[in-house]
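Welcome! Take a look at the model below, and we will walk through it together, one question at a time.

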Amino acid sequence: MIISLHVADVGARAMPALLRERLHPGEVPGLRSARTTLTGAIEAGLLPKLHPGRVALLASWEDDAALDGFLRTEQSPLAERLAGGWHVRLRPIRMSGSWSAMPVEVAPGTATDDDHGYGGQRYGEQEHREQDGQGQDGRGPDGDGRGLDGDDRGPDGRGLESGERYVEVVAGATATPVAVLTLGQLRLRRALPFLRANSRAAGRAAADPALLASLALARPPRFVSTFSIWQSVDAMRRYAYGSTQPDHKAAIQAHQAAPFHHEAGFVRCLPYATQGTLDGQDPLATAGSTAATAAASHRETR
């Protein structure tokens with residue numbers, strides 16, 4: 001499976017209709033789950049600052065071909081309106097907790113629940129290196145930082161969609177950017193403690209130079225989510241579990257003591273393709289991401 005996040009500035013008038021739009025797995029080939037949301041900034045403050053006129057779609061798919069088909073479906077008003085925004089393709093590589101609305105499958109050989117987050121087991125020193133396989137000089141297997149076949153082809157040999165790109169390969173396992181999704185079904189009676197804990201952790205994240213991009217996603221009153229892209233797994237861990245930034249750990253401990261959510265999941269993903277811009281730029285355009293490694297890993301798990 002793959003996950004996609006689509007973000008577009010559609011204007012205040014179009015927002016209500018698009019938020020009411022529902023994609024159903026039985027009606028869209030290859031779709032597993034989908035949810036349209038409001039978006040906001042991840043920053044200190046009790047309530048996230050909403051992005052006016054911006055809509056997001058968080059979806060999971062059987063494979064790239066299913067997502068390609070949706071993006072080419074001219075009859076879908078949602079796909080058409082999102083086309084002018086930014087989207088990223090994500091391969092799940094870690095899962096803590098659970099999210100029944102979007103059952104997450106990670107690649108064979110990668111562990112689940114290896115982090116502190118949302119019900120996961122204690123993170124240990126031994127770590128499966130999901131980034132293994134890139135060249136020592138930071139280039140792809142073909143030596144040019146392009147797809148496995150050297151012709152801008154990605155996972156399973158699929159060609160790039162119009163305007164889509166795979167980002168450069170950078171040497172070293174920890175040089176690979178990582179995306180993180182947190183997903184929560186809020187307990188309304190725990191909303192205020194959750195917002196307080198989240199504000200402190202979000203403020204720390206926003207100030208972290210290793211944070212490449214972030215979004216708060218919400219579907220009031222219960223669905224709350226965050227999406228973030230970090231320069232590397234190590235940078236993400238330093239924020240999440242490091243002793244110099246304890247606010248995120250404190251939020252996790254508060255959740256474990258008295259859960260904020262009825263159900264919660266923490267998904268770590270490898271971003272492997274992106275299209276368009278978010279706030280005027282592609283967050284992965286200048287960051288080292290394992291295009292060839294992602295393609296190779298994605299192909300091996302098929």
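Q: Among contacts in the chain between residues at least 6 apart in sequence, what percentage join residues at least 24 apart?
A: A word on the model comes before the value: it is predicted, local features need pLDDT of at least 70, side-chain atom pairs count only at pLDDT 80 or more, and totals for chains, interfaces and linings use all residues. Residues are numbered from 1 along each chain as its sequence is written, and side-chain values use heavy atoms, with hydrogens and water left out. Contact means heavy atoms within 4.5 Å. Among contacts between residues at least 6 apart in sequence, the share joining residues at least 24 apart is 76%.

Q: How many helices and strands are there in the chain?
A: Helices (H or I, at least four residues) and strands (E, at least two) are DSSP runs, numbered from the N terminus. By that rule, the chain has 7 helices and 9 strands.

Q: What percentage of the residues in the chain are buried?
A: Buried means under 20% relative accessible area, exposed over 50%, and partly exposed in between (1.4 Å probe, protein chains only). The chain has 302 residues, and the buried part of them is 54%.

Q: Which strand gives the largest share of the largest nonpolar core?
A: A nonpolar core is a set of buried Ala, Val, Leu, Ile, Met, Phe, Trp, Tyr and Cys residues joined through side-chain atoms within 4.5 Å. The largest one has 26 residues, and Ile 3, Leu 5, Phe 227 and Val 267 touch the most other members. Elements giving two or more residues to this core include strand S1 (2-9), strand S4 (86-97) and strand S9 (261-275). The largest share, 4 residues, comes from S4.

Q: Is S4 largely enclosed or open, and how many of its residues are buried?
A: The count of buried residues settles this, so S4 is described as largely enclosed by the rest of the structure. Of its 12 residues, the number buried is 11.

Q: How many bridges join S4 to S9?
A: Two strands pair if DSSP finds at least two bridges between them. S1 and S4 pair in the antiparallel sense over 5 bridges, with Leu 5 having Val 88 as its bridge partner in S4. S4 and S9 also run antiparallel, and Leu 90 stands opposite Pro 271 in S9. The number of bridges joining S4 to S9 is 10.

Q: Why does the pair of Trp 86 and Phe 227 count as stacked, tilted or edge-to-face, and which is it?
A: Rings of Phe, Tyr and Trp (its six-membered ring) pair if their centres lie within 6.5 Å; planes under 30 degrees apart count as stacked, over 60 as edge-to-face and the rest as tilted. A search of the whole structure finds 4 aromatic pairs. In the pair of Trp 86 and Phe 227, the centres are 6.4 Å apart and the planes are at 55 degrees, so the pair is tilted.

Q: How many residues apart in sequence are the parts that Trp 86 and Phe 227 tie together?
A: Both Trp 86 and Phe 227 are buried. Trp 86 lies in strand S4 and Phe 227 in strand S8, so the parts tied together have a sequence separation of 141 residues.

Q: Is Arg 222 buried, exposed or partly exposed?
A: Arg 222 has its place in the loop between S7 and S8. Its relative accessibility is 31%, so Arg 222 counts as partly exposed.
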